[in-house]
Amino acid sequence: ELTPLGLNFLHTRRTIAEARLDVLIYADMLSEPMTYFLGFARLAPIQMLFWGNPVTSGRGMEIDYYISADIMEAPERTKLPPSLEPYSEQLVLLQGQGIWYRRPEYMNDNFTLLAPGEPGRFEQAARLRTELFGLPYGNYTLLLCPQSLFKLHPEFDTLIRKILEATSEAKVLFTQG
């Protein structure tokens, strides 16, 4: 069941509490105010924090588990004395990076992305840019900025402008949200 939550803190907190969840998992706690303040409440018997921001919440009374990945944690951290433990939560390590992505639908089992310089590379890249992103067909460099726009400082605009001025025939693709 999907329950939309709005931006009203009290309504959101009440809605989550009334859902009587067994487990509540926060993707992160520091990216925006709503999850930051929700994290101070005990809204489920078990509450977890994923590594959207790779630091402890510092809330061992409200957040029970911190979900990380074995390759994201320093091996020597298991040898630290309890007084230097970096997490207030119990640490749970997933294998590898801890996330997996599905192969995009446009890539079937026989799909091979051609390397730069290989015959057909330009046509393949141009076709994918057009089909996937609705960008114009053409020979240009595509620069990707996969960061939430609200996290970008206004001075970043100047940097992007300088990159585009120094890079002939380039386009920048920003993610939405």
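Which residue in β2 is the bridge partner of Val23? In this predicted model, in which local features need pLDDT of at least 70, side-chain atom pairs count only at pLDDT 80 or more, and totals for chains, interfaces and linings use all residues, the partner of Val23 in β2 is Ile46. Residues are numbered from 1 along each chain as its sequence is written, and side-chain values use heavy atoms, with hydrogens and water left out.

Helices (H or I, at least four residues) and strands (E, at least two) are taken as DSSP runs and numbered from the N terminus. Two strands are regarded as paired if DSSP finds at least two bridges between them. Strands β1 and β2 run parallel and are joined by four bridges. Together with helix α2 (residues 33-38), β1 and β2 make a right-handed β-α-β unit; a crossover is called right-handed if, with the strands pointing away from the viewer, the path from the first strand over the helix to the second runs clockwise. In a regular strand the side chains alternate between the two faces of the sheet. Strand β1 (residues 23-26) has Leu24 and Tyr26 on a covered face, whereas Val23 and Ile25 belong to an uncovered one.

A second parallel pairing involves strand β5 (residues 141-145) and strand β6 (residues 170-174), with five bridges between them. Within this pairing, Leu142 stands opposite Lys171 of β6. The connection from β5 to β6 passes through helix α4 (residues 155-166), and this β-α-β crossover is right-handed. Strand β5 also contains Cys145. Residues are classed as buried under 20% relative accessible area, exposed over 50% and partly exposed in between (1.4 Å probe, protein chains only). Cys145 is buried because its relative accessible area is 10%. The C-alpha atom of Cys145 is separated by 20 Å from that of Trp51, the two residues being 94 residues apart along the chain.

Aromatic contacts were also examined. Rings of Phe, Tyr and Trp (its six-membered ring) pair if their centres lie within 6.5 Å; planes under 30 degrees apart count as stacked, over 60 as edge-to-face and the rest as tilted. The structure holds five aromatic pairs. One of them is the edge-to-face pair of Tyr36 and Phe40, with 5.3 Å centre to centre and 85° between the planes. Phe37 and Phe40 form a tilted pair, at 6.4 Å centre to centre and with 35° between the planes. Ring pairs thus link Tyr36, Phe37 and Phe40 into a cluster. Tyr36 is partly exposed because its relative accessible area is 32%; the values for Phe37, 45%, and Phe40, 43%, place these residues in the partly exposed class as well.

Tyr36, Phe37 and Phe40 also contribute, with Leu30 and Val55, to a nonpolar surface patch of about 470 Å². Such patches are made of residues with over 30% relative accessible area and no salt bridge, like charges being joined within 9 Å and nonpolar side chains (Val, Leu, Ile, Met, Phe, Trp, Tyr) within 5 Å. Accessible areas come from the Shrake-Rupley method with a 1.4 Å probe, and for residues only the protein chains shown count as cover. Val55 lies in the loop between β2 (46-50) and β3 (65-69) and is partly exposed, because its relative accessible area is 42%.

Side chains of opposite charge can pair when their charged atoms come close. With a salt bridge defined as a side-chain nitrogen of Lys or Arg within 4 Å of a carboxyl oxygen of Asp or Glu, the count comes to three. In one of these, the closest N and O atoms of Arg42 and Asp64 are 2.7 Å apart. This pair links distant parts of the chain, 22 residues apart, with Arg42 in the loop between α2 and β2 and Asp64 in the loop between β2 and β3. Arg42, at 39% relative accessibility, and Asp64, at 22%, are both partly exposed.

Glu131 and Arg127 form a salt bridge (3.7 Å, N to O) within helix α3 (residues 121-133), where they lie four residues apart, about one turn of the helix. Glu131 counts as exposed because its relative accessibility is 54%, whereas Arg127, at 35%, is partly exposed. In helix α4, Arg161 and Glu165 likewise lie four residues apart, about one turn of the helix, and their side chains meet in a salt bridge (3.4 Å, N to O). Arg161 is partly exposed at 45%, whereas Glu165 is exposed at 58%.
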